[in-house]
Amino acid sequence: YPVFTGRRKPADTGAGEYRPRDPGSYMKKSIKWWVSCFAFLVMFFWGASKEFSGMYLEKINPVSETLGRYQMMLFCFLLLLLYFIPFVVFIRYTCRKLEVSRKLPVIAFFSGWFIPGWIAGQLNDAAEKLIRMLTSKTFTDEWGDTIETPIVEESLKVIVVVWLLCLIGKHLRKHYLIAGMTVGMGFQISEDLNYIEEQVSGSHSDFVEAIPFTLGERVAGGLVSHWCYTALMAVGIYLFFREKNRKTGILLILAVLLDHGLWDSFLSDSDLGTAILSAALFILFVAVYERTLNSPEDDMRKINSLL
């Protein structure tokens, strides 16, 4: 008969098999891992400080108007829940379906919120100045965002995904997918909060139009946006470097850069243009998502571990 030994249930590794948790596992990490972890945490807390310290409005007389603007800003922040709550439900379902710990999307979300956003803002400004130096002001105004924004933002977000997964030791396609989705959503939240703060703190007409701006630009644009971009980029990186599927990986990466670039071009000035770009991006995401759900990689790893 089995005898209860008082031991805790072994931890789920996320790959389908169970292994006992070693309490001294973190002490066995290499110096490189600790240096990388320290650098990651520095960027994390530095970004958190920048994100929250920038959310203030200049005092306007009378004081009641300043308070009104703060109330408007907080209300617009709450409107972002219109796309964030369905996303959380979808992520919970995906984690349960793929047997991935829910800790991963939580950590990835805050990492995507605090690390790449403020860096992307500075690099975008620097890249815009560089393009203006190499070309002309007219060309930069028309095509600058189309060229530099997708390269800068998508590179930074996918670096955060790969960096985080290397730190926690998760290297399956499902981990890249989920981490990509949640890092991208964190970046989306950071971007939307900054845009709303700028809108509310602007002129009186900008303040009056804060709610239509939030619903029409940020909520509608956030339905299919950075979380899809980063998920596809992360899976593309996984396919290229880990599965050695160079062709599919490159095609995914180029498709994301192209769609993101067109989103920042004149095509997004019309509702039809944004609808076409959103539909194309979402169809590509669904194809990759379904392929990941039906991926045999976990089953193959279980068989190899038994052998």
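This passage describes the fold, two helix packings and several single residues of a predicted protein model.

The model is predicted, so local features are reported only at pLDDT of at least 70 and side-chain atom pairs only at pLDDT 80 or more, while totals for chains, interfaces and linings use all residues. Residues are numbered from 1 along each chain as its sequence is written, and side-chain values use heavy atoms, with hydrogens and water left out.

The protein contains 13 helices and two strands; both are DSSP runs numbered from the N terminus, with helices being H or I over at least four residues and strands E over at least two. Of the 307 residues, 43% are buried. Here buried means a relative accessible area under 20%, exposed means over 50%, and partly exposed lies in between, with a 1.4 Å probe and protein chains only. The exposed area of the protein is about 17,600 Å², and 65% of this comes from carbon and sulfur atoms; accessible areas follow the Shrake-Rupley method with a 1.4 Å probe, and for residues only the protein chains shown count as cover. A contact is defined as heavy atoms within 4.5 Å. Among contacts between residues at least 6 apart in sequence, 76% join residues at least 24 apart.

Helices α10 (residues 226–241) and α11 (residues 246–263) pack with their axes 7 Å apart and at an angle of about 155°. Axes are lines fitted to C-alpha atoms, for helices over the stretch in contact, and angles run from 0 to 180 degrees between N-to-C directions. Angles under 35 degrees count as roughly parallel, over 145 as roughly antiparallel, 65 to 115 as roughly perpendicular and the rest as oblique. The pair α10 and α11 is therefore roughly antiparallel. The crossing of α10 past α11 is left-handed; a crossing has this hand if the near helix is turned anticlockwise from the far one by less than a right angle, and is right-handed if clockwise. On the α10 side the contacting residues include His226, Tyr229, Leu232 and Phe241, and on the α11 side they include Arg246, Ile250, Asp259 and Trp263. Sorted by class, this contact has 13 nonpolar, five polar and two charged residues. In that classification Ala, Val, Leu, Ile, Met, Phe, Trp, Tyr, Cys and Pro are nonpolar, Asp, Glu, Lys and Arg are charged, and the others, Gly among them, are polar.

A second packing involves α2 (residues 63–79) and α7, with an angle of about 150° and axes 10 Å apart. These two helices are therefore roughly antiparallel as well. In this case α2 passes α7 in a right-handed crossing. Arg69, Met72, Met73, Cys76 and Phe77 of α2 meet Leu193, Ile196, Glu197 and Val200 of α7. The contact of α2 with α7 has seven nonpolar, no polar and two charged residues.

Two residues of helix α7 were examined individually. Glu197 lies in α7 and is buried, because its relative accessible area is 13%. Apart from neighbours within four places in sequence, Glu197 contacts Gly54, Met55, Tyr56, Leu57 and Met73. Glu197 and Cys76 are separated by 121 residues in sequence, and their C-alpha atoms are 9.2 Å apart. Gln188 also belongs to α7, which covers residues 173–200, and is buried with a relative accessible area of 1%. Not counting residues up to four places away in sequence, Gln188 touches Tyr83, Arg218, Gly222, Ser225 and His226.

Most residues other than glycine have a negative phi. Glu99, although not a glycine, has a positive phi of about 60°. Glu99 sits in the loop between α3 (81–98) and α4 (103–114) and is partly exposed, at 43% relative accessibility. Lys244 is likewise not a glycine and has a positive phi of about 60°. Lys244 is located in the loop between α10 and α11 and counts as exposed, with a relative accessible area of 53%.

Two further pairs are distant in sequence. Lys97, in helix α3, is exposed at 51% relative accessibility. Lys97 and Leu293 are 196 residues apart in sequence and 7.6 Å apart in space, C-alpha to C-alpha. Trp46 lies in helix α1 (residues 31–53) and is partly exposed at 46% relative accessibility. Trp46 and Ile115 are 69 residues apart in sequence, with a C-alpha to C-alpha distance of 7.9 Å.
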